[in-house]
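Reader: Could you take me through one small part of this model up close, and then show me how it sits in the rest? I'm at the bench and happy with plain talk, so just walk me through it in one go.

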Amino acid sequence: QVQLVESGGGLVQAGGSLRLSCTASGTIFDINAMGWYRQAPGRQRELVAALATDGSTNYADSVKGRFTISRANAKNTVYLQMNSLNTEDTAVYYCNADVITYGNRQLEVWGQGTLVTVSS
């Protein structure tokens, strides 16, 4: 069994910053890509940022230059540094990982979500 646990969400004023963390645990042999998605009320879940094992990144156009994804491999942890937040960033943020288990199964795993609220 593999779990992703997120932390770091909360309430922040527009222009402020937050850092989200997500740690994977369980029967993990290896982790391929990790990323962050978000879902705002009444909207579909969308990719925010993704990080592949080769270090390549992919960002949504709306967050480029403001958000940075990084990873601490030894800790199976991925971070999302969010700067210059605006009200349109308000959403539930979900961590996602492509995991290989010790049983050689490939799983796509989601965290439970952490709420980010940006006030004007």
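Author: Let's start with Ser-21, which is buried, because its relative accessible area is 16%. Buried here means under 20% relative accessible area, exposed means over 50%, and partly exposed is what falls in between, with a 1.4 Å probe and protein chains only. Before going on, a word on what you're looking at. This is a predicted model, where local features need pLDDT of at least 70 and side-chain atom pairs count only at pLDDT 80 or more, while totals for chains, interfaces and linings use all residues. Residues are numbered from 1 along each chain as its sequence is written, and side-chain values use heavy atoms, with hydrogens and water left out.

Back to the serine. Ser-21 is part of strand 3; strands are DSSP runs of E with at least two residues, helices are runs of H or I with at least four, and both are numbered from the N terminus. If you skip the neighbours within four places in sequence, the contacts of Ser-21 are Val-5, Glu-6, Ser-7, Trp-36, Val-78 and Tyr-79. A contact means heavy atoms within 4.5 Å.

Take Val-5 from that list. Val-5 belongs to strand 1, which covers residues 2-7, and it counts as partly exposed because its relative accessible area is 47%. Again leaving out neighbours within four places, Val-5 is in contact with Ser-21, Cys-22, Thr-23 and Gln-112. For a sense of scale, the C-alpha atoms of Val-5 and Asn-104 are separated by 22 Å, with those positions 99 residues apart along the chain.

Now Cys-22, which just turned up among the contacts of Val-5. Cys-22 forms a disulfide with Cys-95, with an S to S distance of 2.1 Å. The cut-off for calling a disulfide is a pair of cysteine sulfur atoms within 2.5 Å. Strand 3 (residues 18-26) holds Cys-22 and strand 9 (residues 91-101) holds Cys-95, so the bond ties together parts that lie 73 residues apart in sequence. The twist about the S-S bond is -85 degrees, which makes the link of Cys-22 and Cys-95 left-handed. Cys-22 counts as buried because its relative accessibility is 0%, and Cys-95 counts as buried because it, too, is at 0%. A search of the whole structure turns up one disulfide.

What else sits in strand 9? Ala-91 does. Ala-91 is buried because its relative accessibility is 2%. Not counting residues up to four places away, Ala-91 touches Arg-38, Gln-39, Ala-40, Thr-114, Leu-115 and Val-116. Ala-91 and Arg-19 are 72 residues apart in sequence and 14 Å apart in space, C-alpha to C-alpha.

Tyr-79, one of the contacts of Ser-21, also gets us to Ala-72. Beyond four places in sequence, Ala-72 is in contact with Thr-77 and Tyr-79. Ala-72 lies in strand 7 (residues 67-72) and counts as partly exposed because its relative accessibility is 21%.

Two loops are worth a look as well. Ser-84 is in the loop between strand 8 (77-82) and strand 9, and it has a positive phi of about 50 degrees although it is not a glycine. Ser-84 is partly exposed because its relative accessible area is 43%. Asn-104, in the loop between strand 9 and strand 10 (106-110), also isn't a glycine, and its phi is positive at about 60 degrees. Asn-104 is exposed because its relative accessible area is 64%.

Zooming out, the protein chain has eleven strands and zero helices. Its radius of gyration is 14 Å, close to the 14 Å that the globule rule gives for 120 residues, so the chain is as compact as a globular protein of that length. That radius is taken over C-alpha atoms, and the rule is 2.2 Å times the number of residues to the power 0.38. Along the principal axes, the C-alpha atoms fill a box of roughly 50 × 25 × 25 Å. Buried residues make up 41% of the 120 residues. Of the contacts with a separation of 6 or more, 56% come from residues 24 or more positions apart.
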